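Hi everyone, thanks for coming. Today I'd like to walk you through one chain, going from the whole fold down to a few single residues.

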Amino acid sequence: MDKKVALYCDEGVSASALEHLRKSLLREGVQNIRLVSRLDLKKDNWKKDTFLLIVPGGRDVPYHKALKGEPNKNIRSFVEEGGRYLGLCAGAYYGSAGIEFEKGTALEIVESRELCFFPGVARGPAYGNHQFCYRSSRGARVAHLLLADSVSAAFFNGGPAFI
């Protein structure tokens, strides 16, 4: 049986981030994709046929509300048993031990999280406060990625730096 890529698709996920991610995976030849909800992650049967869980961009606070407790325990055991977690934007904040988002502004979030895959703080937006807007791409940037043998680019809108 081919193992799947599971895409988290529930409270807090940006519909456009999810759709762009799904299209990118398909363009790269990833065919075995399934959407998972907080209810799916609360059970542990999703783990046996999954090799990668991706938590896309959106809003971390609804992720925290939906996944604290049993879903996070299952995500953590999945990774400890050899599975992979890829957090993009809000998913990257969510996988860290702590969050400092827009500190000192009306959008401030300074909290700890359960997964702690990155043991430090995810601080953002990486390009500075007052750059991010939930309702638009104002402040978005192209992030240049240095890969082993090439350079690529990614859309970057509010994601963190890891401290």
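I'll start with the overall picture, then turn to the cores, one helix and three residues.

One thing to keep in mind as you look: this is a predicted model.

So, what is the chain built from? Its secondary structure comes to 5 helices and 10 strands. The radius of gyration is 16 Å, close to the 15 Å that the globule rule gives for 163 residues, so the chain is as compact as a globular protein of that length. If you draw a box around the C-alpha atoms along the principal axes, that box is roughly 45 × 35 × 30 Å.

Next, let's think about inside and outside. Of the 163 residues, 40% count as buried. The chain exposes about 9200 Å², and carbon and sulfur atoms supply 54% of that area. As for charges, there are 23 positive and 18 negative side chains, and the centres of these two sets lie 3 Å apart. Now look at who touches whom: among contacts with a separation of 6 or more, 66% are between residues 24 or more positions apart.

Let's go inside. In soluble globular proteins, nonpolar side chains tend to be buried together. Here, the largest nonpolar core has 24 residues, and the members touching the most others are Y8, L41, L53, Y63, L67 and I75. Several elements each supply at least two residues of this core: strands β1 (4-8) and β3 (50-55), along with helices α1 (15-27), α3 (60-67), α4 (70-80) and α5 (90-94). There is also a second, separate core of 6 residues, including Y93, F101, I109 and A122.

Let's stay with α4 for a moment. Which of its residues are buried? They are P71, N72, N74, I75, S77 and F78. And what covers them? The cover includes helices α2 (38-42), α3 and α5, as well as strands β3 and β4 (84-87). Just after α4, you can find G82, which takes a positive phi of about 110 degrees.

Now for our three single residues.

Please find S96, in strand β5, which spans residues 96-101. Is S96 buried or exposed? With a relative accessible area of 0%, S96 is buried, because buried means under 20%. Leaving out residues up to four places away in sequence, S96 touches R113, C116, F118, G120, A122 and F162. One of those, A122, you have already met in the second core.

Our next stop is V61, in helix α3. V61 has a relative accessible area of 37%, so V61 is partly exposed. Setting aside residues up to four places away in sequence, V61 touches I109 and R113. V61 and I109 are 48 residues apart in sequence, and their C-alpha atoms are 8.4 Å apart in space. I109, you may remember, also belongs to the second core.

Last comes V142, in strand β8, residues 141-146. Where does V142 fall on the scale from buried to exposed? At 52% relative accessibility, V142 counts as exposed, because the cut-off for exposed is over 50%. V142 still has contacts: not counting residues up to four places away in sequence, V142 touches Y127, A153 and A154. For V142 and S152, the separation is 10 residues in sequence and 9.9 Å in space, C-alpha to C-alpha.

To pull this together, we have met a buried S96, a partly exposed V61 and an exposed V142. Thanks for listening!

Conventions
Residues are numbered from 1 along each chain as its sequence is written. This is a predicted model: local features need pLDDT of at least 70, side-chain atom pairs count only at pLDDT 80 or more; totals for chains, interfaces and linings use all residues. Side-chain values use heavy atoms; hydrogens and water are left out. Helices (H or I, at least four residues) and strands (E, at least two) are DSSP runs, numbered from the N terminus. The radius of gyration is taken over C-alpha atoms; the globule rule is 2.2 Å times the number of residues to the power 0.38. Buried means under 20% relative accessible area, exposed over 50%, partly exposed in between (1.4 Å probe, protein chains only). Contact means heavy atoms within 4.5 Å. Accessible areas come from the Shrake-Rupley method with a 1.4 Å probe; for residues, only the protein chains shown count as cover. Lys and Arg count as positive and Asp and Glu as negative; His and the chain ends are not counted. The place of a charge is taken as NZ of Lys, CZ of Arg, CG of Asp or CD of Glu. A nonpolar core is a set of buried Ala, Val, Leu, Ile, Met, Phe, Trp, Tyr and Cys residues joined through side-chain atoms within 4.5 Å.
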